[in-house]
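User: Please take a close look at one part of this protein for me. I would like to know how its open sheet is put together and what lies around it.

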Amino acid sequence: MAVQAPASEAPRLGTPLTAKLARSLTLSSDETALLAELQAPARGVPRNREILTEGRKYSELFVLLEGAAMRYRVSHDGRRQILSIALPGDFIGFPACFFETAFFSVTALTDTRISSVPMSRLLSLFERRGRLAAILLWQFSCEAAMYAEHLIDLGRRSAVERVAHFLLEILTRLQAIGLAEDRSYSMPLTQEVMGDVLGLSAAHVNRSLRQLREEGLATIEGPRVVINDFDGLAALADFERSYSARFRISEALAQH
């Protein structure tokens, strides 16, 4: 199941990556065109197919255009830890392409479409377009901020708090690319996948979701997630909607 925009939604600005960046600052027509060029051509990757394989050398990044994917590692005893969920507009392969080999794998959770960005092309763009380079660096930094929150999830939050925070994080990330409504969205993720993201068993996830439903905070019916009480869920999870955007790139560029 692909992540798709609501039928009533107005056309978005180019690709999800471009749309996401345009929410934070005004892109020039040249920058919009360069971003479109950077994300072409695209190819499909079917569900359950690896996009990135741990231990292999890569000289390119990928941009996820459609669908969802998971970044993960498998321990020597076969247990899987999902590092994060990639959504449309996210880069895949950072920071793997900056090292000798990739230290995690990425697999498509749904049928996806991706574009390949050779490192040589990206570095050439950085040399020629400093402002656009800063914008993309900010995007990488937002991903790093999410990893920090996930560490807090594993170290300090209870099971129900982790699930609550995850549901809100996905909501705000999908809203940034126009793929979620005000309080609801479609999430093509199983409870097993959620558990591997949050370091919980599927049974813990199930109990946490039941608790959130019984307390009137959130409900999940199939792939549909409905946040019934945003403020209550945010208070429970200690969630800040803007935690991944505390550094405002638009303000930094305006001072340049």
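Analyst: The protein has 9 helices and 11 strands. The model is predicted. Of its 256 residues, 48% are buried. Take the contacts between residues at least 6 apart in sequence: 72% of them join residues at least 24 apart. The accessible surface comes to about 12,300 Å², and carbon and sulfur atoms hold 51% of that.

Now the sheet. It is open and built from 4 strands, in the order 2-7-4-5, with antiparallel pairing. Strand 2 (50–52) and strand 5 (80–86) are the edges, since each pairs on one side only. From one strand to the next, the twist averages 35 degrees. In general, the strands of a sheet pair through backbone hydrogen bonds, and they can be parallel or antiparallel.

Look at one pairing. Strand 2 and strand 7 run antiparallel, joined by 2 bridges. Leucine 52 has valine 106 in strand 7 as its bridge partner. A helix also packs on the sheet: helix 4 (residues 130–156) touches strand 4 (69–74) and strand 5. The direction of helix 4 makes about 140 degrees with that of strand 5.

Next, step back from strand 7 (105–108) into the loop that links it to strand 6 (91–92). Phenylalanine 103 is found in this loop. Its relative accessibility is 34%, so phenylalanine 103 counts as partly exposed. Phe103 also belongs to a nonpolar surface patch, together with Phe98 and Phe99. That patch covers about 290 Å².

Notes: Residues numbered from 1 in each chain as written. Predicted model: local features only at pLDDT ≥ 70, side-chain atom pairs only at ≥ 80, totals over all residues. Heavy atoms only, no water. Patch = residues over 30% accessible without salt bridge, like charges linked within 9 Å, V, L, I, M, F, W, Y side chains within 5 Å. Areas by Shrake-Rupley, 256 points an atom, 1.4 Å probe, with all protein chains shown as cover. Salt bridge = Lys/Arg side-chain N within 4 Å of Asp/Glu carboxyl O. Buried < 20%, exposed > 50% of the residue type's maximum accessible area, 1.4 Å probe, protein only. Pairing = 2+ DSSP bridges. Axes fitted to C-alpha atoms, helices over the stretch in contact; angles between N-to-C directions. Contact = heavy atoms within 4.5 Å.
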